[in-house]
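Notebook open, model loaded. I want to go through the sheet, then the helices, then the empty spaces.

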Amino acid sequence: MKFEMSSCGGCRTCEIACSFHHTGEFVPAVSSLKILEKEDGPGFLVMLKLESNEEGFACDGCEGLDVPLCVEYCKEVDDLYKILREFDARKTAKKTGQETT
């Protein structure tokens, strides 16, 4: 799922933190979270993976931690946390068949 984050500066620290959560190493290529350039306007897109595959891990919201690592190390904490909450709500709706878009 993709989310617009106009406050994102594109540092990709969240990708590094996410990969560390999943592998114990800094390998952004397997991160659940990807920062993508927008075609127009300020900010970036945040893509979160629903399912694990050979390209990376599904986002589990850093289950077991009080604060997800991507949020902990993001300069725009509030904005990224909003995206994670929306992602979780959409993921839950999709699983229960209540997804609207």
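Ground rule before the strands: I call two strands paired if DSSP finds at least two bridges between them. Strands (E, at least two residues) and helices (H or I, at least four) are DSSP runs, numbered from the N terminus. This is a predicted model, so local features need pLDDT of at least 70 and side-chain atom pairs count only at pLDDT 80 or more, while totals for chains, interfaces and linings use all residues. Residues are numbered from 1 along each chain as its sequence is written, and side-chain values use heavy atoms, with hydrogens and water left out.

**Sheet**

I looked up the strand order first. It is an open sheet of three strands, S1-S3-S2, with antiparallel pairing. S1 (2–5) and S2 are the edge strands, each pairing on one side only. Neighbouring strands are turned by 30° against each other on average, direction ignored; the axes here are lines fitted to C-alpha atoms, for helices over the stretch in contact, and angles run from 0 to 180 degrees between N-to-C directions.

Next I went through the pairs. S1 and S3 (residues 44–48) pair over four bridges. Phe3 stands opposite Val46 in S3, Glu4 has Leu45 as its bridge partner, and Met5 has Phe44. On the other side, S2 and S3 pair over five bridges, and there Ile35 has Val46 as its bridge partner. The S2–S3 hairpin has six residues between the strands, and Gly41 takes a positive phi near 80°.

Which side chains of S3 are buried, and which are not? I take buried as under 20% relative accessible area, exposed as over 50% and partly exposed as in between (1.4 Å probe, protein chains only). Phe44, Val46 and Leu48 point to one face and are buried, whereas Leu45 and Met47 point to the other and are not. S1 alternates too: Phe3 and Met5 are buried on one face, and Lys2 and Glu4 on the other are not. That is the general habit, as side chains in a regular strand alternate between the two faces of the sheet.

**Helices**

H3 lies across S1, S2 and S3, and runs at about 160° to S1. In H1 (residues 13–23) I find Cys14, Glu15, Ala17, Cys18 and Ser19 buried. What do they pack against? Strand S2 (33–37), helix H2 (69–72) and helix H3 (77–96), with contact meaning heavy atoms within 4.5 Å. After H1 comes Gly24, with a positive phi near 75°.

**Spaces**

I ran a 1 Å grid over the protein atoms alone: a cavity is a set of points where a 1.4 Å probe fits but cannot get out, a pocket is an open set with protein on both sides within 12 Å along at least five of seven lines, and lining residues have an atom within 4 Å of a point. Points are joined across faces, edges and corners, and a volume is the space filled by probe spheres set on them.

I get one cavity of 30 Å³ or more. The largest cavity has a volume of about 80 Å³. Of its 13 lining residues, the closest to its centre are Cys18, Cys59, Gly61, Cys62 and Cys70. H1 gives the most to this lining, with three residues.

The largest pocket holds about 180 Å³ of space. Its lining includes Cys59, Asp60, Tyr81, Arg85 and Lys91.
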